[in-house]
Amino acid sequence: MIALGVPTLQDDPAAPDGAYGYALSAYSAGALLGLWLAGRIRWPEVLIPRVLVGSAALYGLIAASGFIGPWWALPLSWFVWGVIFGPESVMTDTYVARTTPDRTLGRTYAMWSIIARAGAALAYILVLIASEMNPDTLATSTAIALTLVVPPTLTLILRHTSP
């Protein structure tokens with residue numbers, strides 16, 4: 001969804017110069033707030049698959065809401081997206097650190113980072129390939145996929161890999 005923000009904000013005549021930078025800054029500010037809040041709250045033992053599935057659905061809905069309405073809806077939705085990132089990040093990091101043997105923990109985090117960066121690169125490539133599509137249509141389609149396809153897929157994958 002972040003890659004789709006570029007053409008959307010570029011094509012919006014009401015968006016000021018640097019609107020994409022504002023959106024990224026809003027996400028970062030939200031993520032800082034979310035991480036701070038998540039670190040201050042005592043989280044109950046929650047099954048990580050539930051957190052991941054719920055986060056995927058929320059990300060889709062939040063991201064979609066940013067592409068509806070005026071240009072400033074995008075930075076606002078990304079701020080909320082960042083805040084929600086906090087609990088997911090704290091809970092999954094704690095889970096991974098608790099369940100991964102020390103000898104493979106560094107490799108696990110490295111692979112996690114590589115997969116995230118590869119996904120971001122793939123998203124930018126897909127935006128270039130789909131540049132002829134209407135950015136709003138592409139954003140809506142992606143948000144629908146995040147909301148309706150990713151959570152059930154994660155549920156199936158995690159059901160088969162959980163001990």
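Ile 41 is partly exposed, with a relative accessible area of 44%. Its place is the loop between H2 and H3. On the surface of this predicted model, Ile 41 joins Leu 33, Trp 36 and Leu 37 in a nonpolar patch, and together these residues have about 370 Å² of accessible area.

Stepping back to the whole chain, the secondary structure comes to 6 helices and 0 strands. Read along the sequence, that gives the pattern α-α-α-α-α-α. Of the 163 residues, 31% are buried. The accessible surface is about 10100 Å², and carbon and sulfur atoms account for 69% of that. As for contacts between residues at least 6 apart in sequence, 78% join residues at least 24 apart.

Now for the rings. The count comes to 5 aromatic pairs, and two of them are set out here.

| Pair | Geometry | Centre to centre | Angle between planes |
|---|---|---|---|
| Tyr 20 and Trp 78 | edge-to-face | 6.1 Å | 80 degrees |
| Tyr 109 and Trp 112 | stacked | 5.5 Å | 5 degrees |

What does the pair of Tyr 20 and Trp 78 tie together? Tyr 20 sits in helix H2 (residues 19-40) and Trp 78 in helix H4 (residues 73-99), so the pair links parts that are 58 residues apart in sequence. Both of these residues are buried. Tyr 20 and Trp 78 also belong to a bigger arrangement: ring pairs link them with Tyr 27 and Trp 81 into a cluster.

The Tyr 109 and Trp 112 pair is a more local affair, within helix H5 (residues 102-129), where the two residues are 3 apart, or about one helical turn. Why does that spacing suit two side chains on one helix? An α-helix has 3.6 residues a turn, so residues three or four places apart point the same way. Tyr 109 is partly exposed, with a relative accessible area of 29%, and Trp 112 is partly exposed too, at 35%.

Helix H3 (residues 48-66) makes a neat check on geometry. At 1.5 Å a residue, its 19 residues should span 27 Å, and the end C-alpha atoms are indeed 27 Å apart, so the two values agree. Which residues of H3 are buried? They are Ile 48, Val 51, Val 53, Ser 55, Ala 56, Tyr 59, Gly 60, Ile 62, Ala 63 and Gly 66.

Technical notes
Residues are numbered from 1 along each chain as its sequence is written. This is a predicted model: local features need pLDDT of at least 70, side-chain atom pairs count only at pLDDT 80 or more; totals for chains, interfaces and linings use all residues. Side-chain values use heavy atoms; hydrogens and water are left out. Rings of Phe, Tyr and Trp (its six-membered ring) pair if their centres lie within 6.5 Å; planes under 30 degrees apart count as stacked, over 60 as edge-to-face and the rest as tilted. Helices (H or I, at least four residues) and strands (E, at least two) are DSSP runs, numbered from the N terminus. Buried means under 20% relative accessible area, exposed over 50%, partly exposed in between (1.4 Å probe, protein chains only). The expected span of a helix is 1.5 Å times one less than its number of residues. Patches are made of residues with over 30% relative accessible area and no salt bridge: like charges are joined within 9 Å, nonpolar side chains (Val, Leu, Ile, Met, Phe, Trp, Tyr) within 5 Å. Accessible areas come from the Shrake-Rupley method with a 1.4 Å probe; for residues, only the protein chains shown count as cover. A salt bridge is a side-chain nitrogen of Lys or Arg within 4 Å of a carboxyl oxygen of Asp or Glu. Contact means heavy atoms within 4.5 Å.
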